[in-house]
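Me: I have a structure to go through with you. Short answers, please, with the reasoning shown.

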Amino acid sequence: MKKLGFSLVLLVILLFSCTKDETLEDTTQENLDKVLGKWKYVSISKEYPDTTDINYMSADSFFEFKSDGTYYRKYAYQRSGYYFYMDSGHYNIVKNSLELEYKGDIYTNILVCDLQFISDSILNLKWKRSCQSTTGFCDQSYNLQK
């Protein structure tokens with residue numbers, strides 16, 4: 001009887017642990033399915049302690065996520081000059097985080113962002129960056145739209 005009771009407890013523990021893993025995998029797969037495709041690059045927001053700086057992108061700016069784990073982005077905006085930037089690299093999604101890996105001139109960069117789906121067609125990629133504030137970090141985000 002003790003063996004049967006122990007076996008039942010062990011079975012329940014195994015079932016609950018599998019459910020948690022499946023939920024994490026489901027969240028990752030759901031976010032991957034949502035992010036795939038071409039997104040219009042609307043703006044880059046930089047939040048400082050006293051103000052928010054928003055740069056609006058040109059109409060042909062975009063971020064494209066491909067099913068093979070690669071991405072390509074191109075953006076341009078005008079502020080005190082005209083800025084144009086494009087790069088490509090690899091991405092990885094784990095739960096509600098997106099890791100972007102891209103090569104700089106000297107080294108490889110990895111940017112870890114929070115995935116914030118405002119709706120199926122609006123996505124914010126948000127991360128903390130160093131700045132002069134009481135905490136030493138400020139929020140920055142890419143604002144994308146399908």
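Me: How many residues are in the hairpin that joins β1 to β2?
Reply: This is a predicted model. Strands β1 (residues 37–47) and β2 run antiparallel, joined by five bridges. Ile44 stands opposite Asn55 in β2. The hairpin connects β1 to β2 through four residues.

Me: Which side chains of β2 point to the buried face?
Reply: Side chains alternate along β2 (residues 52–56). Thr52, Ile54 and Tyr56 point to one face and are not buried. The buried ones, on the other face, are Asp53 and Asn55.

Me: Which strand gives the most to the largest nonpolar core?
Reply: That core has 24 residues, and Phe63, Phe65, Leu125 and Tyr142 are those with the most contacts inside it. Strands including β1, β3 (62–65) and β9 (137–145) each supply at least two residues. The top contributor, with four residues, is β7.

Me: Is Arg73, which meets Asp87 in a salt bridge, buried or exposed?
Reply: The Arg73 and Asp87 side chains meet at 2.8 Å, N to O. Arg73 lies in β4 and Asp87 in β5, so the pair ties together parts 14 residues apart in sequence. Asp87 has a relative accessible area of 10%, so it is buried. Arg73 is at 2%, under the 20% cut-off, and therefore counts as buried.

Me: Which residues are joined into one network by salt bridges that share partners?
Reply: Asp139 forms a salt bridge with Lys128, closest N and O atoms 2.7 Å apart. Asp139 also forms one with Lys126, at 3.9 Å. The network joins Lys126, Lys128 and Asp139.

Definitions and conventions:
Residues are numbered from 1 along each chain as its sequence is written. This is a predicted model: local features need pLDDT of at least 70, side-chain atom pairs count only at pLDDT 80 or more; totals for chains, interfaces and linings use all residues. Side-chain values use heavy atoms; hydrogens and water are left out. Buried means under 20% relative accessible area, exposed over 50%, partly exposed in between (1.4 Å probe, protein chains only). Two strands pair if DSSP finds at least two bridges between them. A nonpolar core is a set of buried Ala, Val, Leu, Ile, Met, Phe, Trp, Tyr and Cys residues joined through side-chain atoms within 4.5 Å. A salt bridge is a side-chain nitrogen of Lys or Arg within 4 Å of a carboxyl oxygen of Asp or Glu.
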